[in-house]
Amino acid sequence: MMRLRLKADGRIVEILGDGREGTVVNAIGSAPAASRLQPAEQADRSEAVYARRVRARTKLTQAQFAASLGLPVETVRNWEQGKRSLRGPARALLKLIERMPEQAIRT
């Protein structure tokens, strides 16, 4: 019998005999192909990549970046892991930081 765990981000992973997590599985128990990503999942991943890229450009850690914006560090982590999508104000703020990082964030 296969043991499965539903992750917070909606993924289903197999729990191996030693307690580690194995491959991601779909509803019928087979490993999904990368090409089977739904458009919404692809958009979530691209938003996560965008959020990571913008923060990396500032050369700040997640904690430093969050503190400079007055946000909880969990929010930045969730953006970068694709667990939380970028809404209007957050997207606008990241675009500003992307274009003018020195002016937008003064440490």
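A residue counts as buried under 20% relative accessible area, as exposed over 50%, and as partly exposed in between. That scale serves for the whole walk through this structure, which is a predicted model. R91 gives a first case: its relative accessibility is 31%, so R91 counts as partly exposed.

Start with the overall layout. The protein chain has 5 helices and 3 strands. Along the sequence they run β-β-β-α-α-α-α-α. The chain holds 107 residues, and buried ones make up 22% of them. Its accessible surface comes to about 7,500 Å². Carbon and sulfur atoms account for 52% of that area. Now take the contacts between residues at least 6 apart in sequence. Of these, 38% join residues at least 24 apart.

Begin among the strands, with R5. This residue sits in strand β1, which spans residues 3-6. R5 has 38% relative accessibility, so it counts as partly exposed. Which residues does R5 touch, once neighbours within four places in sequence are left aside? They are R11, I12, V13, I15 and E21. Take I15 from that group. R5 and I15 are 10 residues apart in sequence, yet their C-alpha atoms lie 6.8 Å apart in space.

Move on to the charged pairs. Side chains of opposite charge can pair when their charged atoms come close. How many salt bridges does the model contain? The count is 4. Three of them are followed here, one by one.

E47 forms a salt bridge with R91, and the closest N and O atoms are 2.8 Å apart. E47 belongs to helix α1 (residues 39-58) and R91 to helix α4 (residues 88-99), so the bridge ties together parts that are 44 residues apart in sequence. E47 has 15% relative accessibility and therefore counts as buried. R91, as noted, is partly exposed at 31%.

R53 and E98 meet in another salt bridge, at 3.3 Å from N to O. R53 lies in helix α1 and E98 in helix α4, so this pair links parts that are 45 residues apart in sequence. R53 is partly exposed, with a relative accessible area of 46%. E98 is also partly exposed, with 22%. The cut-off for buried is under 20%, so the 22% of E98 falls in the partly exposed range.

The next bridge joins E80 and R55, at 2.5 Å from N to O. E80 lies in helix α3 (residues 73-80) and R55 in helix α1, so the pair ties together parts that are 25 residues apart in sequence. Are these two residues buried or exposed? E80 is buried, at 5% relative accessibility. R55 is buried too, with a relative accessible area of 16%.

Stay with R55 for a closer look. Its side chain makes a polar contact with the side chain of E80, at 2.5 Å. A second partner is a backbone atom: the oxygen of L60 lies 2.8 Å from a polar atom of the R55 side chain. What else surrounds R55, beyond its neighbours within four places in sequence? Its contacts are L60, T61, Q62, F65, V76 and E80. Both polar partners, L60 and E80, appear in that list.

Set the two arginines R5 and R55 side by side. R5 is in strand β1 and is partly exposed at 38%. R55 is in helix α1 and is buried at 16%.

Methods
Residues numbered from 1 in each chain as written. Predicted model: local features only at pLDDT ≥ 70, side-chain atom pairs only at ≥ 80, totals over all residues. Heavy atoms only, no water. Helix = DSSP H or I, 4+ residues; strand = E, 2+ residues; numbered from the N terminus. Buried < 20%, exposed > 50% of the residue type's maximum accessible area, 1.4 Å probe, protein only. Contact = heavy atoms within 4.5 Å. Salt bridge = Lys/Arg side-chain N within 4 Å of Asp/Glu carboxyl O. Areas by Shrake-Rupley, 256 points an atom, 1.4 Å probe, with all protein chains shown as cover. Polar contact = N/O pair within 3.5 Å; in protein donor to acceptor, adjacent residues only side chain to side chain.
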